[in-house]
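Here are my notes on the model you sent. Please read them with the structure open.

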Amino acid sequence: MGAKPGKTRDYTGELKRALGEDALHSVDTGYDHLGNIAVIDPTGMTRAQEKILARHIIGSNRTITTVLAKGGPVEGIYRVRKVRYVFGKRTSIARYREHGCTYDFDVRKTFFSARLAYERARIAELAKQDKHVVVMFAGIGPFAIQIAKRNKSAKIVAIELNRYACRQMREEIRLNKTPNVVPVQGNVKKMRGKYDNFADRIVMPLPKTSTSFLDEACEMARNGCVVHLYSFINLDALQLLIDGIKDHAKHNSYSVKVLFTRTVRNYSAKEIEIVVDYKISKPR
Ligand SMILES: C[S@@+](CC[C@H](N)C(=O)[O-])C[C@H]1O[C@@H](n2cnc3c(N)ncnc32)[C@H](O)[C@@H]1O
């Protein structure tokens, strides 16, 4: 029953009949596409409808050979999501390519979002002249590897708590020939003192709780360091987030200048993920 890569078939008619006209639009944009794997949101669908949708996805996309369904929210300290098999080849191992880099990983064991592709390219472009970069919450290393590809002379320290993700990051470093990424398995909170005044740039892609790591960012930053902080906020709460960053600076004898903000994606009906780029100035 698995569909063969490279062959496509149009299931649009079947899908229209099974899910109704309205479903078609969301079908084309509404699933996560991780190379050979698509992950659908099954909310409101029967198992039979899921299967029809999955056949449509595989039939209309040459690269997708497996369809999984979200089994709950992204949760826990490792930020992973349960998934279950729906259709196609039975695997949870994704091979995903992005901006000339390749990643292999088990979607059940680590966080990965293709929706951050633009951010990774943006930051890699900004980091071209950096000497030292810290990527906190590095996952399997997509930010770090992307930066390392563009800037071969930089040293990029990539810190990740999840053992599986960190082990996989070592594989991705080898696969993508980026030995200038240094994977560090552990908790950012326990790295204090190790990278003081080290970083020209710090990436903080843990939107749920990144603001509780401002002490660590401030310690790791050199004077002039640029921080990219990702955070979930209520739709109109950007100023609150910026005020919080400035407050932290005020109480810790450094100053910040906000350089840029951008909405990364909608997170829920009331919340968005935002990135704030800011520059740290430390007293001499
Ligand atoms: C939202 S994911 C981002 C992963 C990766 N940067 C990416 O873009 O694919 C956050 C990651 O932070 C890790 N993490 C959570 N708390 C951490 C901590 N205190 N120290 C180090 N890593 C942590 C999780 O295991 C998870 O892999």
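1. Two residues count as in contact if their C-beta atoms, placed from the backbone, lie within 7 Å. Among contacts in the protein chain with a separation of 6 or more, 63% are between residues 24 or more positions apart.

2. This is a predicted model, in which local features need pLDDT of at least 70 and side-chain atom pairs count only at pLDDT 80 or more, while totals for chains, interfaces and linings use all residues. Residues are numbered from 1 along each chain as its sequence is written.

3. The pLDDT is the predictor's confidence in each residue, from 0 to 100. The protein chain averages 92, and 91% of the residues score at least 70. Over residues 1-6 the pLDDT is below 50, although this stretch has 10 contacts in the model beyond near neighbours in sequence. Where pLDDT is low, the predicted coordinates should not be read in detail.

4. On overall dimensions, the C-alpha trace of the protein chain spans about 70 × 40 × 30 Å along its principal axes. The radius of gyration is 20 Å, which agrees with the value near 19 Å for a compact globule of 284 residues. It is taken over C-alpha atoms, and the globule rule is 2.2 Å times the number of residues to the power 0.38.

5. The domain assignment gives domain 1 (12-91) and domain 2 (115-281); such bounds come from an automatic or database domain assignment. The C-alpha centres of domain 1 and domain 2 lie 31 Å apart.

6. The protein chain has eight helices and 13 strands. Both are DSSP runs, numbered from the N terminus: helices are H or I with at least four residues, strands E with at least two. Two strands pair if DSSP finds at least two bridges between them.

7. One open sheet has four strands in the order S1-S2-S3-S4, with mixed pairing. Its edge strands, S1 (32-34) and S4 (83-88), each pair on one side only. The twist averages 25° from one strand to the next; axes are lines fitted to C-alpha atoms, for helices over the stretch in contact, and angles run from 0 to 180 degrees between N-to-C directions. S1 and S2 (residues 37-40) run antiparallel and are joined by three bridges. Leu 34 has Ile 37 in S2 as its bridge partner. Helix H3 (residues 47-60) packs on this sheet, touching S2, S3 (66-70) and S4, and its direction makes about 60° with that of S4.

8. A second open sheet, also mixed in pairing, has seven strands in the order S9-S8-S7-S10-S11-S13-S12. S9 (181-185) and S12 (255-266) are the edge strands, each pairing on one side only. Here the twist averages 15° from one strand to the next. S8 (residues 155-160) and S9 run parallel, joined by five bridges, and Ala 158 stands opposite Pro 183 in S9. Helix H5 (residues 142-150) packs on the sheet, where H5 touches S7 (132-135), S8, S9 and S10 (199-204); its direction makes about 170° with that of S8.

9. Is Cys 218 buried or exposed? Cys 218 is buried, because 20 other C-beta atoms lie within 10 Å. The cut-offs are 20 or more other C-beta atoms within 10 Å of a residue's own for buried, 12 or fewer for exposed, and in between for partly exposed, with C-beta atoms placed from the backbone. Of the 284 residues, 38% count as buried. Cys 218 is found in helix H7 (residues 214-220). Leaving aside neighbours within four places in sequence, Cys 218 is in contact with Asn 252, Tyr 254 and Ile 280.
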